[in-house]
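The following exercises ask the reader to study one protein step by step. Each task is followed by a worked solution.

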Amino acid sequence: MPGNNLDVYLEPLIEELTLLWEVGVNTYDASMNRNFNMRAALLWTISDFPALANLSGWSTKGEFACPSCHKDTCSKLLRYSGKHCYMGHRRFLASDHRFRKDKRSFNGFEEHDKAPSQLSGDMVLRELDGHTHTFGRLNNDNRKLPYNWKKRSIFFELPYWKGNILRHNLDVMHIESNVCESVLATILGLDKSKDHAKARDDLQEKGIRPELHPVVDESGKRYYPPPCFLMNRAEKEIFCGVLKQIKVPDGYSSNISKCISKKPPKIFGLKSHDNHILMQQLFPLALCRVLPKQVRAPLIDLCNFFRGLCSKVLHARELIELERRIALTLCHLERIFPPSFFDIMVHLPIHLATEARLAGLVQYRWMYPVERYLSTLKAYVRNRSRLEGSIAEGYLAEECVVFCARYLNDIETRSNQASRNRDGNIDTRVELPIFVNPGRHLRGVNIVNWDVDTMKRAHQYVLYNCEIVQPFLSEHREMIRNQNHRLRIRDIERIHNETFTSWFANQ
């Protein structure tokens, strides 16, 4: 890996981007059937967290690991765990919030600092003014730069780069995945749990959470009191049992049940998208019957934060509320989990809502499409000693196959093959569009006899999700509203659900 020497490989790109900004390139517009001078600018970079250090020049390790907090990163070195923890989220609360004066529940001190300010391009250039960096693995003459700086990023060669408010995106995909893994491992007591013997020794050294300090009995053996966030065996079985039995629509996610074991209860082998589905959809459901409320509520709030952040529509007022909620949620987690739980990945969500306010939807800024395309390129490799040549040859072969497939109409190819869940030919005799496909079973047939109530609910679900029935739904609601002026909305909905099927059958 090139590491900080990545700038050497980026020099041709910077030259082309500068040309596109200052001069432009003559380009053909097919819609207008004429040429025009095209100019372009680089908005920001998209990468995982380690690569962000190579692109920005700010090291994402050590005391000042947060690139957004910069020199104001609140971190403490844990003596026994041997790593830094990143807490101090009370700084992001309102100045009059009661948590700011709560010593006992946090680190033993009151919090009077303000949230760190946004790091501008001019501030970066002032901090690195007069410092130079010579690239090369064998070069050791570079002097130490202030704080966590390792170099001046080559992107500052672009004339407009210092004016960009957001220059490097925090990757929501990897942050969400790492947070989910940390939470699951800690509450289930898995191998990667953040609650271990060294974490308890750190608590004892700092003099906080006395109920979790190690206890030495008469025989000299150390005993570690069970924390409130650790599930007992019965709760683990309930939690894993719920996740094991959940079924989702085809293509919604992978088969997560294969990664869950009930005896012994544990979770293993999850991918990034599995953690995404767990965090936003399944985790709150599985937590409903386990853990105390003071532990369960902040974890569900954390899931709701990621779900709101990944919405397809974002409003400024909702993002402001997400900023407030994530600060409060992380403060609640600080009162529950040990300091070793708060690695840099658990701290970074505090900045995600702010970045969404500046740059918009996370779907255009996370690593999912990049990772998928990298997986495609890796599949082209046939000779591991000639990686670049294998990828180029595989890409060219793929282009040729796609080009030829467009002229083969009578042969099934990748571009015209039917989906694996195709139910057959369309039945034009059916009037409702929801029933135009006859349907077929995917595997072995399993006949199930439904009771009257279940059949009624299934029938109702089909009608409610049929587009052609929507006008009748509105008409029936309006009729009930006109007949019962004094009823509340929930009572109108109850009567509507109970009587719509029979009313619709007579129309």
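Two residues are in contact when heavy atoms of theirs lie within 4.5 Å of each other. With this in mind, note that the model is predicted.

**Exercise 1. Describe the protein as a whole.**

Step 1. Begin with the secondary structure: the protein has 16 helices and eight strands.

Step 2. Turn to the dimensions. Along the principal axes, the C-alpha atoms fill a box of roughly 85 × 80 × 55 Å.

Step 3. Consider burial: 38% of the 507 residues count as buried.

Step 4. Consider contacts between residues at least 6 apart in sequence. Of these contacts, 62% join residues at least 24 apart.

**Exercise 2. Determine how strands β1 and β2 are arranged, and which residues are partners.**

Step 1. Locate the strands: β1 covers residues 25–29 and β2 covers residues 34–38.

Step 2. State the direction. The two strands run antiparallel and are joined by five bridges.

Step 3. Identify partners. Asp29 has Arg34 of β2 as its bridge partner, and Asn26 stands opposite Asn37 in β2.

Step 4. Examine the turn. Four residues lie between the strands of this hairpin, and Asn33 takes a positive phi near 60°.

**Exercise 3. Establish whether Thr45 is buried or exposed, and describe its surroundings.**

Step 1. Place the residue: Thr45 belongs to the loop between β2 and α2 (49–56).

Step 2. Apply the cut-off for burial, which is a relative accessible area under 20%. Thr45 has a relative accessible area of 8%, and therefore counts as buried.

Step 3. List the neighbours. Leaving aside residues up to four places away in sequence, Thr45 touches Leu55, Phe155, Trp161, Arg167, His168 and Asn169.

Step 4. Look at the side chains: that of Thr45 makes a polar contact of 2.7 Å with that of His168.

**Exercise 4. Find the side chain of opposite charge nearest to Arg91, and decide what follows for a salt bridge.**

Step 1. Place the residue: Arg91 is found in the loop between β4 (83–86) and α3 (121–127).

Step 2. Compare the distance with the cut-off. A salt bridge requires the charged atoms to be within 4 Å. The nearest side chain of opposite charge, Glu111, is 5.5 Å away, and the buried Arg91 has no salt bridge.

Step 3. Search for another polar partner. A polar atom of the Arg91 side chain lies 3.3 Å from the backbone oxygen of Gly88.

Step 4. Complete the surroundings. Beyond four places in sequence, the residues that Arg91 touches include Cys69, Asp72, Arg100 and Glu111.

**Exercise 5. Identify the residues that touch the most other members of the largest nonpolar core.**

Step 1. This core has 72 residues, and those touching the most other members are Ile187, Phe239, Ile267, Phe283, Leu287, Leu299 and Phe337.

Step 2. Helix α4 (residues 172–188) supplies the largest share of this core, namely nine residues.

Step 3. Another core lies apart from this one; it has 17 residues, among them Ile14, Phe64, Ile154 and Phe156.

Step 4. Return to Leu287. Not counting residues up to four places away in sequence, Leu287 touches Ile187, Met231, Phe239, Arg296, Leu299 and Ile300.

**Exercise 6. Describe the setting of Ile480.**

Step 1. Ile480 lies in helix α15 (residues 470–483), and is buried because its relative accessible area is 3%.

Step 2. Residues up to four places away in sequence aside, Ile480 touches Ile492, Ile495, His496 and Thr499.

Step 3. From C-alpha to C-alpha, Ile480 and Ala405 are 57 Å apart in space; in sequence they are 75 residues apart.

Note on methods. Residues numbered from 1 in each chain as written. Predicted model: local features only at pLDDT ≥ 70, side-chain atom pairs only at ≥ 80, totals over all residues. Heavy atoms only, no water. Buried < 20%, exposed > 50% of the residue type's maximum accessible area, 1.4 Å probe, protein only. Lys, Arg positive; Asp, Glu negative; His and termini not counted. Polar contact = N/O pair within 3.5 Å; in protein donor to acceptor, adjacent residues only side chain to side chain. Pairing = 2+ DSSP bridges. Core = buried A, V, L, I, M, F, W, Y, C linked by side-chain atoms within 4.5 Å.
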